[in-house]
Amino acid sequence: MTSETMTIREMCDAFEVTPRTLRFYEAKELLFPIREGQRRLFTRRDRARLKLILRGKRFGFSLEEIRQLLDLYYVGDSQETQLSRTLDIANDRLTDMERQRSELDEAIEELRNQMQLVSDMLSTRGATTTAAE
């Protein structure tokens with residue numbers, strides 16, 4: 001509730017997540033809020049970690065990959081290991097996403113072709129029905 005800490009409600013509002021999400025990330029040892037009885041106070045470190053967690057999830061990283069990357073921050077090599085590992089995982093994820101996009105593009109094209117065939121069949125039947133009358 002100072003500029004250094006935020007309540008769970010403030011975190012939810014700032015990052016557009018639910019309290020359940022924050023508690024889940026805490027249970028998975030991705031966030032480490034200060035506990036004051038039942039209250040959780042999130043530090044700047046927690047906010048930075050949550051931003052990285054949400055970005056990683058958006059890119060399709062697993063929670064375990066995200067946890068490992070966050071833990072590498074403390075290796076003590078000026079984040080070189082963390083950045084290198086992040087790049088490796090990101091390259092793998094990008095390859096997967098591009099493959100999925102290609103498969104999706106193919107499926108979309110196939111569906112369009114099938115829809116056109118059905119539309120042509122309906123048009124032909126409509127013309128045949130009109131001519132028979």
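Here are some questions and answers about a predicted model, with helix H3 and its charged residues as the main topic.

User: Hi! Where does Arg-47 lie, and is it buried or exposed?
Analyst: Happy to help! Arg-47 is part of helix H3, which covers residues 44-58. Among the residues of H3 that lie under the 20% cut-off are Asp-46, Leu-50 and Arg-47. So, by that cut-off, Arg-47 is buried.

User: Which side chain of opposite charge is nearest to Arg-47, and how far away is it?
Analyst: A salt bridge needs a nitrogen and an oxygen within 4 Å of each other. Arg-47 has no salt bridge. The nearest side chain of opposite charge belongs to Glu-4, at 6.0 Å.

User: Then what does the side chain of Arg-47 reach on Glu-4?
Analyst: Glu-4 is among the residues in contact with Arg-47, along with Ser-3, Thr-5 and Phe-42. Here the backbone of Glu-4 is the part to look at: the Arg-47 side chain comes to 3.4 Å from an atom there. That atom is the backbone oxygen of Glu-4.

User: Which residue meets the side chain of Glu-4 in a salt bridge?
Analyst: Look again at H3 for the partner. The N to O distance of this pair is 3.4 Å, and its two residues are 40 apart, with Glu-4 in the segment before E1. Glu-4 itself has a relative accessible area of 41%, so it counts as partly exposed. The partner in helix H3 is Arg-44.

User: How far apart are the end C-alpha atoms of H3, and what span should its residues give?
Analyst: Let's check the helix with simple arithmetic. H3 has 15 residues, and the expected span takes 1.5 Å times one less than that number. This gives 21 Å, and the end C-alpha atoms agree with it, being apart by 21 Å.

User: What do the buried residues of H3 pack against?
Analyst: Ile-53 is a good example to follow, since it is one of the buried residues of H3. Leaving aside neighbours within four places in sequence, Ile-53 is in contact with Tyr-25, Leu-30, Leu-31, Ile-66 and Leu-70. Taken together, the buried residues of H3 pack against strand E1, H1, H2, strand E3 and H4.

User: How many residues does the largest nonpolar core have?
Analyst: Residues with the most contacts inside this core include Met-11, Leu-50 and Ile-53. The elements that give two or more residues to the core are helix H1, helix H2, H3 and helix H4. The number of residues in this core is 18.

User: Which residues are linked in a network of salt bridges?
Analyst: Start with the pair Arg-40 and Glu-26, whose side chains meet at 2.4 Å, N to O. Arg-40 lies in strand E3 and Glu-26 in helix H2, so the pair ties together parts that are 14 residues apart in sequence. Both count as buried, Arg-40 at 17% relative accessibility and Glu-26 at 16%. The network links Glu-26, Arg-40 and Arg-35.

User: Which residue in helix H4 meets Arg-67 in a salt bridge?
Analyst: The two residues are four apart in helix H4, so about one helical turn separates them. Arg-67 is partly exposed at 23% relative accessibility, and its partner is partly exposed too, at 35%. Their side chains meet at 2.7 Å, N to O. The partner of Arg-67 is Asp-71.

User: How many salt bridges does the count come to?
Analyst: We have met several pairs, including Arg-44 with Glu-4 and Arg-67 with Asp-71. With the cut-off of 4 Å, the count comes to seven.

Notes. Residues numbered from 1 in each chain as written. Predicted model: local features only at pLDDT ≥ 70, side-chain atom pairs only at ≥ 80, totals over all residues. Heavy atoms only, no water. Buried < 20%, exposed > 50% of the residue type's maximum accessible area, 1.4 Å probe, protein only. Lys, Arg positive; Asp, Glu negative; His and termini not counted. Polar contact = N/O pair within 3.5 Å; in protein donor to acceptor, adjacent residues only side chain to side chain. Contact = heavy atoms within 4.5 Å. Core = buried A, V, L, I, M, F, W, Y, C linked by side-chain atoms within 4.5 Å.
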